[in-house]
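User: Hello! I am new to this protein and would like to learn how to read its features step by step. Could you guide me?

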Amino acid sequence: MDDSSRNDIRRLLKSFGILADEYLIAHLAANPHVQSLRLRISVEDLTDYGDAPPHSPLAIDIVGDVRR
């Protein structure tokens, strides 16, 4: 894998992280009665591979709690 691939991955994850942080903080503020959130973060490959899909599709799920 070359540096451009890694840079693209990092840029995408950084953008997601910043946006997710903003939305989660706002969601917690709008729901003060909730002491923690149970979240799932998913990554799914949406690429159109045409007639040659990968043998094993890319899918990642991470589940965790965010405490107030």
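Analyst: Happily; we will go from the overall fold to single residues. Keep in mind that this is a predicted model.

User: Let us begin with the fold. How many helices and strands are there in the protein, and what pattern do they follow along the sequence?

Analyst: A good habit is to list the elements and then put them in order. Here the protein has one helix and two strands, and along the sequence they read α-β-β. The helix, α1, covers residues 3–30. Strand β1 covers residues 36–44 and strand β2 residues 59–67.

User: How do I read the overall dimensions? What radius of gyration does the protein have, and what would a compact globule of 68 residues have?

Analyst: Set the two values side by side. The protein has a radius of gyration of 16 Å, while a compact globule of 68 residues would be near 11 Å. The span of the C-alpha trace along the principal axes adds to the picture: about 50 × 25 × 15 Å.

User: And how much of the protein is buried?

Analyst: Buried residues are those under 20% relative accessible area. They make up 4% of the 68 residues in this protein. The accessible surface comes to about 6,300 Å², and carbon and sulfur atoms account for 56% of that surface.

User: Can we try a single residue? Is L19 buried or partly exposed?

Analyst: For that, look at the relative accessible area. L19, which sits in helix α1, is partly exposed because its relative accessible area is 45%, and the partly exposed class lies between 20% and 50%. You can also compare sequence and space: L19 and A52 are 33 residues apart in sequence, and their C-alpha atoms are 33 Å apart.

User: Next, charges. How many positive and negative side chains are there?

Analyst: The protein carries 8 positive and 11 negative side chains, with the centres of the two sets 12 Å apart. Side chains of opposite charge can pair when their charged atoms come close. Two salt bridges are present in the structure.

User: Which residue forms a salt bridge with R11?

Analyst: The partner of R11 is D8, with the closest N and O atoms 3.1 Å apart. Both residues belong to helix α1 and are three residues apart, about one turn of the helix. R11 is exposed, at a relative accessible area of 51%, whereas D8 is partly exposed at 39%.

User: Where do D65 and R38 lie, and what does their pair tie together?

Analyst: First, the pairing: the side chains of D65 and R38 meet in a salt bridge, at 3.2 Å from N to O. D65 lies in strand β2 and R38 in strand β1, so this pair ties together parts 27 residues apart in sequence. Both D65 and R38 are exposed.

User: What about the loops? Which residues does Q35 touch, leaving out those up to four places away in sequence?

Analyst: Q35 is in the loop between α1 and β1, and it touches V66, R67 and R68. Q35 and V66 are 31 residues apart in sequence, yet 8.7 Å apart from C-alpha to C-alpha. Q35 is exposed, with a relative accessible area of 54%. For the protein as a whole, 51% of the contacts with a separation of 6 or more join residues 24 or more positions apart.

User: And where is P57?

Analyst: P57 lies in the loop between β1 and β2 and is exposed, with a relative accessible area of 63%. Its C-alpha atom is 8.3 Å from that of E44, 13 residues away along the chain.

Terms used:
Residues are numbered from 1 along each chain as its sequence is written. This is a predicted model: local features need pLDDT of at least 70, side-chain atom pairs count only at pLDDT 80 or more; totals for chains, interfaces and linings use all residues. Side-chain values use heavy atoms; hydrogens and water are left out. Helices (H or I, at least four residues) and strands (E, at least two) are DSSP runs, numbered from the N terminus. The radius of gyration is taken over C-alpha atoms; the globule rule is 2.2 Å times the number of residues to the power 0.38. Buried means under 20% relative accessible area, exposed over 50%, partly exposed in between (1.4 Å probe, protein chains only). Contact means heavy atoms within 4.5 Å. Accessible areas come from the Shrake-Rupley method with a 1.4 Å probe; for residues, only the protein chains shown count as cover. Lys and Arg count as positive and Asp and Glu as negative; His and the chain ends are not counted. The place of a charge is taken as NZ of Lys, CZ of Arg, CG of Asp or CD of Glu. A salt bridge is a side-chain nitrogen of Lys or Arg within 4 Å of a carboxyl oxygen of Asp or Glu.
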